[in-house]
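Dear colleague,

I am handing over a structure that you have not worked with before, and I would be grateful if you could look through it with the notes below at hand.

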Amino acid sequence: MFAAESHTSRHYIAIVGMACLCVLLGGPSFAAGAESLIIAGATYYEPGVSGPGWAWTDADHLELNGYAGEAIGAEGDLVLTLAGQNSVTESHAPDADITQCGMEVWGNLTLHGTGTLTATGSQCGIHVSQALVVDGCTVDAQADGADITDEAVAGVIAGDMAVRGGGRVVASGTGSGAGVRAYGVFLQDAGSGDGRAGCRLSVDASWLDAAGADGGIACAGGSLVSARFMTPAGGTFGAGCVVDASGAVAPHVVIEPDVATPPAGETDGDNVPGDSSSKSPADANPAAGELTTGPTANPALKPAATTTKTSTTVTKTTVAKTTKPKTATTTTATLPKTGENCWIAASAALFLLGTVLLVAVRRC
């Protein structure tokens with residue numbers, strides 16, 4: 001009898017052990033979306049919070065409806081639904097976790113909805129370390145270059161950018177400080193070393209108006225689907241910027257829908273994530289497809305590794321961004337985060353341990 005009870009107890013122990021392993025193996029699945037959100041001067045680490053004009057409903061989803069306030073930042077991928085008129089402005093508080101930008105996301109950012117967003121900052125209106133998708137909404141991003149020196153300023157700074165679903169984007173950058181380079185849209189590889197695989201612009205039956213003294217749009221290439229260059233005349237994607245028919249960098253670029261035929265400015269046909277007109281806001285996820293790699297996963301601005309890309313038309317320098325020093329981690333769009341690697345290794349070890357435990361129980 002004692003042997004039977006001992007045998008049963010061992011089975012209970014094995015079952016409980018395997019259940020624990022299943023929970024541990026399932027741990028990384030909860031890491032999707034933003035890990036933290038900075039909004040209205042406060043930092044939140046769990047969704048389910050809200051305030052005047054905003055609601056963080058789940059890890060990867062933020063809703064704005066009439067929000068007008070300080071900068072918004074997120075660590076990780078974020079989908080932002082816009083309703084009504086919204087505005088975000090760079091925080092000038094000395095202890096602010098976000099500086100120099102109106103909105104900053106260390107990951108991928110999708111903007112969609114029926115509303116509008118105005119984002120203003122000194123270095124950039126919107127900064128996204130990986131891919132920015134504007135799907136059907138209206139965005140106005142401005143950088144005034146105030147107190148900026150020896151850096152690039154732009155309305156939008158991102159890895160890749162796609163405008164689709166009838167979206168409308170106005171982006172402008174200005175600055176008079178020493179060494180300032182001003183762009184409307186500045187797409188950078190963020191030190192990923194992917195070359196032409198990143199830094200690409202896609203416009204699909206949508207509107208984009210970008211202006212900056214050193215280039216309306218700085219990018220390594222792009223494609224237009226049912227859209228065309230209205231300005232400059234004969235515009236095309238150069239090696240480093242949008243250029244006119246003579247090959248000169250265009251300080252003002254206007255792209256508008258053209259339902260007839262693809263424009264002459266379309267190049268090798270490579271697209272950035274989400275440049276298909278068949279996609280809707282319901283599946284507006286910038287993580288689909290190959291994305292460029294961001295410099296860090298920290299929402300606070302901090303220096304990025306400087307890389308110089310030289311072409312016949314323009315020299316691009318990865319934007320250096322300054323703030324309080326924090327520990328930086330490197331992420332890629334195709335690999336899990338460092339924390340997930342630890343989970344996977346630990347889970348694999350525990351799974352093997354559980355298997356050995358079951359074999360031992362059966363032999364007993």
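The notes that follow cover the sheet, the nonpolar cores and the salt bridges.

Please keep in mind that this is a predicted model, in which local features need pLDDT of at least 70 and side-chain atom pairs count only at pLDDT 80 or more, while totals for chains, interfaces and linings use all residues. Residues are numbered from 1 along each chain as its sequence is written, and side-chain values use heavy atoms, with hydrogens and water left out.

To begin with the sheet, nine strands (DSSP runs of E, at least two residues, numbered from the N terminus) form an open sheet with mixed pairing, in the order E3-E4-E5-E8-E11-E14-E17-E20-E23. At its edges are strand E3 (49–51) and strand E23 (221–225), each of which pairs on one side only, where pairing requires that DSSP finds at least two bridges between two strands. Within the sheet, strand E17 (residues 160–164) and strand E20 (residues 200–204) pair in the parallel sense over three bridges, and Ala162 stands opposite Ser202 in E20.

Turning to the interior, the largest nonpolar core (a set of buried Ala, Val, Leu, Ile, Met, Phe, Trp, Tyr and Cys residues joined through side-chain atoms within 4.5 Å) has 51 residues, of which Leu64, Leu109, Leu111, Ile126, Met161, Ile217 and Ile255 touch the most other members. The largest share of this core, three residues, comes from strand E8 (residues 78–83). Apart from this core lies another, of nine residues, among them Ala152, Ile157, Phe186 and Cys241.

Finally, a search of the whole structure finds two salt bridges, each defined as a side-chain nitrogen of Lys or Arg within 4 Å of a carboxyl oxygen of Asp or Glu. In one of them, the side chains of Arg164 and Asp135 meet at 3.1 Å, N to O, and the pair links distant parts of the chain, with Arg164 in strand E17 and Asp135 in strand E14 (residues 131–135), 29 residues apart. Arg164 counts as buried at 2% relative accessibility, and Asp135 is also buried, with a relative accessible area of 2%; here buried means under 20% relative accessible area, exposed over 50%, and partly exposed in between, with a 1.4 Å probe and protein chains only.

In the other, the side chains of Arg228 and Asp258 meet at 3.9 Å, N to O. Arg228 lies in strand E24 (residues 227–231) and Asp258 in the loop between strand E27 (252–257) and strand E28 (308–310), so this pair ties together parts that are 30 residues apart in sequence. Arg228 counts as partly exposed at 36% relative accessibility, whereas Asp258 is buried at 16%.

With kind regards

Note on methods:
Helices (H or I, at least four residues) and strands (E, at least two) are DSSP runs, numbered from the N terminus.
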